[in-house]
Amino acid sequence: MPLFDFHCKQCNCNFELLVRGSTAYVCPECGSAEVEKLVSLPAAPGKTKDIIATARGQAAREGHFSNYASSERPRRK
């Protein structure tokens, strides 16, 4: 279910709501129904150590090292 940002025109409060279908949206601060939906920025994909380690392991199994920096690539003899 999508999470949307809203702005209350009455109390000038910004808040997020988990939207389930089309319902009337009310401000959690003042209870006003005078709210407008804001344009939200998409969340960028995270780069955690686990994600990087998984990608590097997959690349090594496939025989390429595209996910490694040049200083981390194995040296050829």
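**View 1. Ser-32 and the residues it touches.** Leaving aside residues up to four places away in sequence, Ser-32 makes contact with Cys-8, Gln-10, Tyr-25, Val-26 and Cys-27. Keep in mind that this is a predicted model. Ser-32 sits in the loop between strand 2 and strand 3. Is Ser-32 buried or exposed? Its relative accessibility is 8%, so Ser-32 counts as buried, the cut-off for that label being under 20%. The side chain of Ser-32 also has a polar atom 3.0 Å from the backbone nitrogen of Glu-34.

**View 2. The three-stranded sheet.** Here we have an open sheet of three strands, ordered 2-1-3, with antiparallel pairing. Strand 2 (14-18) and strand 3 (35-37) take the edges, and each has a single partner strand, so one side of each has no neighbour in the sheet. Going from one strand to the next, the twist averages 35°.

**View 3. Strand 1 against strand 2.** Zooming in on one pairing, strand 1 (residues 3-8) runs antiparallel to strand 2, and the two are joined over five bridges. Which residue of strand 2 is the bridge partner of Phe-4? That would be Leu-17. As a reminder, strands in a sheet pair through backbone hydrogen bonds, in either a parallel or an antiparallel way.

**View 4. Asn-12 in the loop between strand 1 and strand 2.** This close-up moves to the loop between strands 1 and 2, where Asn-12 is found. Asn-12 isn't a glycine, yet its phi is positive, at about 65°. With 58% relative accessibility, Asn-12 counts as exposed, because that label applies over 50%.

Note on methods. Residues are numbered from 1 along each chain as its sequence is written. This is a predicted model: local features need pLDDT of at least 70, side-chain atom pairs count only at pLDDT 80 or more; totals for chains, interfaces and linings use all residues. Side-chain values use heavy atoms; hydrogens and water are left out. Two strands pair if DSSP finds at least two bridges between them. Helices (H or I, at least four residues) and strands (E, at least two) are DSSP runs, numbered from the N terminus. Axes are lines fitted to C-alpha atoms, for helices over the stretch in contact, and angles run from 0 to 180 degrees between N-to-C directions. Buried means under 20% relative accessible area, exposed over 50%, partly exposed in between (1.4 Å probe, protein chains only). A polar contact is a pair of N or O atoms within 3.5 Å; within protein, one must be able to donate a hydrogen and the other to accept it, and residues adjacent in sequence count only if both atoms are side-chain atoms. Contact means heavy atoms within 4.5 Å.
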